[in-house]
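Trainee: Please take me through one part of this structure closely. I would like to see how the final piece of the core is packed and what surrounds it.

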Amino acid sequence: MDDKTPNSQPLPPIWQRAVDNWQSESVARKKVGVFSGGAMEPRTMANLDCDQEVETPTKYVFNGRTVFYDKYELAHFLAARTVVVKARYKEMRPPLRDQLDKSRGKSKRRIRE
């Protein structure tokens, strides 16, 4: 893998592809949405940078206005905030399925197993 961050876990495939496909070594905050495929917006990233409790990637400022991040640090930051969801409707517990059906306005119809 082309992982440049020292002492780190390997990136999940989705973020490794984002790093491999990105042309430069840095990602401008304005382009965080493009880099992440829409998972993180630049405005959200700016808010997280202001929050003292959140450990964000090192930010660099160019010419007093443009903020950018190292693409490897950003990918690891996004990977740490990513959760894989594998639940399907059929696999949900019956009480949860019934609650979901009621919220959608459906009656208790039989669900194909």
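Mentor: Start with the whole. Of the 113 residues in the protein, 28% are buried. This is a predicted model. The protein has five helices and three strands. From the N terminus, the order is α-β-α-α-β-β-α-α. About 8,800 Å² is exposed, and carbon and sulfur atoms supply 50% of that. Among contacts between residues at least 6 apart in sequence, 46% join residues at least 24 apart.

Now the part to look at: helix α4. Eight of its 10 residues are buried, so the helix is mostly covered, buried meaning under 20% relative accessible area. The buried ones are K71, Y72, L74, A75, H76, F77, L78 and A79. Their cover includes α1, β1, α2, α3 and β3. An α-helix has 3.6 residues a turn, so residues three or four places apart point the same way.

Next, the core. The largest nonpolar core has 19 residues, and F35 and L74 have the most contacts inside it. Elements giving two or more residues to this core are α1, α2, α3 (42–50), β3 and α4 (71–80). The largest share, six residues, comes from α4. Look at L74 itself. Leaving aside residues up to four places away in sequence, L74 touches V27, V32, F35, M45, P57 and Y69.

Then the sheet under the helix. Helix α4 lies across β1 and β3, and runs at about 75° to β3. The sheet is open, with three strands in the order β1-β3-β2 and antiparallel pairing. Strands β1 and β2 are the edges, each pairing on one side only. From one strand to the next, the twist averages 35°.

Take the pairings in turn. Strands β1 and β3 are antiparallel over three bridges. Here A28 stands opposite F68 in β3. On the other side, β2 (residues 59–62) and β3 (residues 66–70) pair in the antiparallel sense over four bridges. V61 faces V67 of β3 across that pairing, standing opposite it. The two strands form a hairpin with three residues between them, and N63 in the turn has a positive phi of about 60°. In a regular strand the side chains alternate between the two faces of the sheet.

Finally, the aromatics. There are two aromatic pairs. One is W22 with F35, edge-to-face, at 5.4 Å centre to centre and 90° between the planes. This pair links distant parts of the chain: W22 sits in the loop between α1 (13–21) and β1 (26–28), F35 in helix α2 (residues 32–35), and they are 13 residues apart. Why does W22 count as buried? Its relative accessible area is 15%, and the cut-off is under 20%. F35 is buried too, with a relative accessible area of 5%. The other pair is Y60 with F68: the centres are 5.7 Å apart and the planes are at 25°, so this pair is stacked. Y60 is partly exposed at 38% relative accessibility. F68 is also partly exposed, with a relative accessible area of 22%.

Put the pieces back together around α4. The helix gives six residues to the core. It crosses β1 and β3. L74 of α4 touches F35, and F35 in turn pairs edge-to-face with W22.

Methods: Residues are numbered from 1 along each chain as its sequence is written. This is a predicted model: local features need pLDDT of at least 70, side-chain atom pairs count only at pLDDT 80 or more; totals for chains, interfaces and linings use all residues. Side-chain values use heavy atoms; hydrogens and water are left out. Rings of Phe, Tyr and Trp (its six-membered ring) pair if their centres lie within 6.5 Å; planes under 30 degrees apart count as stacked, over 60 as edge-to-face and the rest as tilted. Buried means under 20% relative accessible area, exposed over 50%, partly exposed in between (1.4 Å probe, protein chains only). Two strands pair if DSSP finds at least two bridges between them. A nonpolar core is a set of buried Ala, Val, Leu, Ile, Met, Phe, Trp, Tyr and Cys residues joined through side-chain atoms within 4.5 Å. Contact means heavy atoms within 4.5 Å. Accessible areas come from the Shrake-Rupley method with a 1.4 Å probe; for residues, only the protein chains shown count as cover. Axes are lines fitted to C-alpha atoms, for helices over the stretch in contact, and angles run from 0 to 180 degrees between N-to-C directions.
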